[in-house]
Amino acid sequence: MKILITGNMGYIGPCVVERLRSFYPDATLIGLDIGYFANCLIRAEIFPECKVDQQYFADVRDLPPEVLDGVDAVLHLAAISNDPMGNAFEDVTLDINHRASIRLAKMAKSAGVKAFVFASSCSMYGAAEDQPKTEDSPLNPLTAYAKSKVLTESDLRGLSGCGFKVTCLRFATACGMSDRLRLDLVLNDFVACAVASKEITILSDGTPWRPLIHVKDMAKAIEWAAFRSIEPGGTYLSVNVGSNEWNYQVRQLAEAVAEEVADVRVSVNKNAMPDKRSYQVNFDLFRRLAPDYQPEMDLRSSIKELKNGLEEMGFRDPDFRNSNYMRLKVLTNLRNKGYLSENLKWCKDQPAGRVGEK
Ligand SMILES: NC(=O)c1ccc[n+]([C@@H]2O[C@H](COP(=O)([O-])OP(=O)(O)OC[C@H]3O[C@@H](n4cnc5c(N)ncnc54)[C@H](O)[C@@H]3O)[C@@H](O)[C@H]2O)c1
């Protein structure tokens with residue numbers, strides 16, 4: 001069995017590789033990543049990519065065709081992976097997240113790949129506070145990132161069939177420790193605030209709903225999608241991935257963190273612009289289709305894991321919202337220093353320096 005994992009050098013990727021490596025020790029695992037966050041490692045005893053059999057440093061926009069030779073399943077995680085980056089690099093986001101994903105899927109189908117798993121997002125439900133959203137609810141993508149996921153799902157539907165099984169996993173917002181930790185995710189951010197400064201500042205009025213899922217449980221769902229039988233889900237499936245119990249309001253998350261970390265104050269920014277991205281999600285379909293792959297982590301243990309992980313790292317940067325723990329910050333730094341071009345390709349022949357400097 002040969003499995004290609006794109007975007008394996010990000011936040012979720014190392015957890016996916018870890019899981020596949022332990023459950024399928026004989027599988028050939030191939031990683032492919034452009035490496036934007038390759039050096040954002042924390043506490044990793046080894047380079048996580050040592051666990052794959054082959055690693056391509058490549059751009060999904062210029063895919064070497066041989067990558068797909070003999071591959072059975074593609075787990076497609078590579079993307080510009082959140083709203084702030086999508087807003088800053090809108091065209092590139094559509095190019096990487098949508099157009100390159102579809103090109104990859106077409107190449108995969110012609111190469112005889114049997115299963116294609118796409119890391120999609122519940123953020124496509126946008127402003128949706130009325131009822132928990134099911135897979136049949138109308139989509140309301142509010143950002144370039146969310147739009148890119150909607151467009152990709154729609155085109156993937158047309159490509160599925162004739163032995164090509166497509167599963168779009170509409171993930172809740174991730175949380176939890178990883179070898180490449182990100183702190184630009186709501187729960188991770190709150191725990192980092194609590195550990196570093198004993199004060200959690202909520203950047204909204206605290207009311208938006210946000211379903212969450214732990215990274216380890218995302219990896220579990222990805223494994224399920226790669227190997228699921230075609231029935232009952234069908235050759236093409238879009239499914240919400242998370243659990244009904246993990247629909248929280250942002251304020252509740254902050255309060256839960258304050259209960260786990262001693263002497264922490266929670267402050268709400270009363271002047272914040274309302275955050276329109278608020279949605280509750282119904283995960284019944286995932287429960288029905290994947291009863292043995294349901295999320296296991298709970299909120300309290302996820303908070304404890306993050307707290308302990310950050311403390312073990314000696315983390316105490318109260319200004320981390322301006323640090324490399326934020327994906328947008330990393331990309332912006334790489335751009336400003338001239339390492340990345342406008343369309344986020346590596347400038348291999350350009351000496352490092354500020355953009356425009358000679
Ligand atoms: N983190 C979340 O809350 C969340 C929630 C829902 C869905 N997802 C999706 O899961 C996937 C992985 O998310 P993540 O949190 O690990 O993101 P991440 O940004 O940490 O990792 C994405 C990886 O993709 C790589 N990449 C980006 N553009 C590429 C290109 N052109 N060619 C090759 N590689 C490229 C990056 O270098 C990075 O290693 C993404 O598709 C994301 O949209 C994430």
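Arg182 and Asp184 make a good place to start: their side chains meet in a salt bridge, with an N to O distance of 2.9 Å. Both partners are buried, Arg182 as well as Asp184. Please keep in mind that this is a predicted model. Around that pair, the tour below covers an open sheet of 7 strands, an open sheet of 3 strands, and a structure that holds 20 salt bridges.

**Salt bridges**

- Arg170 and Glu153 join their side chains in a salt bridge, at 2.7 Å from N to O. Arg170 sits in strand E7 and Glu153 in helix H4, so this pair ties together parts that are 17 residues apart in sequence.
- Arg170 has a relative accessibility of 5% and therefore counts as buried. Glu153 is buried too, with a relative accessible area of 5%.
- Glu245 and Arg287 form a salt bridge through their side chains, at 3.8 Å from N to O. Here the link is between distant parts of the chain, 42 residues apart: Glu245 is in the loop between E11 and strand E12 (247-249), and Arg287 is in helix H9 (residues 284-289).
- Arg287 has 41% relative accessibility, so it counts as partly exposed.
- A network of salt bridges links Glu259, Glu260, Arg300 and Lys304.

**The sheet of 7 strands**

- Reading across this open sheet, the strand order is E3-E2-E1-E4-E5-E7-E11, and the pairing is parallel.
- At the edges stand strand E3 (54-57) and strand E11 (236-241); each has a single partner strand, so one side of each is left without a neighbour in the sheet.
- On average, neighbouring strands of this sheet are turned by 15° against each other, direction ignored.
- E3 pairs with strand E2 (residues 28-33) in the parallel sense, over 4 bridges. Asp33 has Phe57 in E3 as its bridge partner.
- Helix H3 (residues 90-110) lies across three strands, namely E1 (2-6), E4 (73-76) and E5 (115-121), and runs at about 165° to E5.
- Helix H4 (residues 144-159) also packs on the sheet, where it touches E5, strand E7 (165-171) and E11. The direction of H4 makes about 155° with that of E5.

**A closer look at strand E5**

- E5 is mostly covered, with 7 of its 7 residues buried.
- In a regular strand, side chains alternate between the two faces of the sheet. In E5, Ala115, Val117, Ala119 and Ser121 point one way, while Phe116, Phe118 and Ser120 point the other way, and all are buried.
- E4 and E5 run parallel and are joined by 4 bridges. Ala73 has Ala115 in E5 as its bridge partner.
- E5 and E7 also run parallel, joined by 7 bridges. Ser120 stands opposite Arg170 in E7, and Arg170 is the residue whose side chain meets Glu153 in a salt bridge.

**A nonpolar surface patch**

- Leu41, Phe47 and Phe57 make a nonpolar surface patch of about 290 Å². Phe57 appears above as the bridge partner of Asp33.
- Leu41 is found in the loop between E2 and E3. With 32% relative accessibility, Leu41 counts as partly exposed.

**The sheet of 3 strands**

- This open sheet has the order E8-E10-E12, with mixed pairing.
- Strand E8 (173-175) and E12 stand at the edges; each has a single partner strand, so one side of each is left without a neighbour in the sheet.
- Neighbouring strands of this sheet are turned by 50° against each other on average, direction ignored.
- Strand E10 (residues 209-214) and E12 run antiparallel, with 3 bridges joining them. Trp209 has Gln249 in E12 as its bridge partner.
- Helix H6 (residues 215-227) packs on this sheet, touching E8 and E10. The direction of H6 makes about 75° with that of E10.

How values were computed. Residues numbered from 1 in each chain as written. Predicted model: local features only at pLDDT ≥ 70, side-chain atom pairs only at ≥ 80, totals over all residues. Heavy atoms only, no water. Pairing = 2+ DSSP bridges. Helix = DSSP H or I, 4+ residues; strand = E, 2+ residues; numbered from the N terminus. Axes fitted to C-alpha atoms, helices over the stretch in contact; angles between N-to-C directions. Contact = heavy atoms within 4.5 Å. Patch = residues over 30% accessible without salt bridge, like charges linked within 9 Å, V, L, I, M, F, W, Y side chains within 5 Å. Areas by Shrake-Rupley, 256 points an atom, 1.4 Å probe, with all protein chains shown as cover. Salt bridge = Lys/Arg side-chain N within 4 Å of Asp/Glu carboxyl O. Buried < 20%, exposed > 50% of the residue type's maximum accessible area, 1.4 Å probe, protein only.
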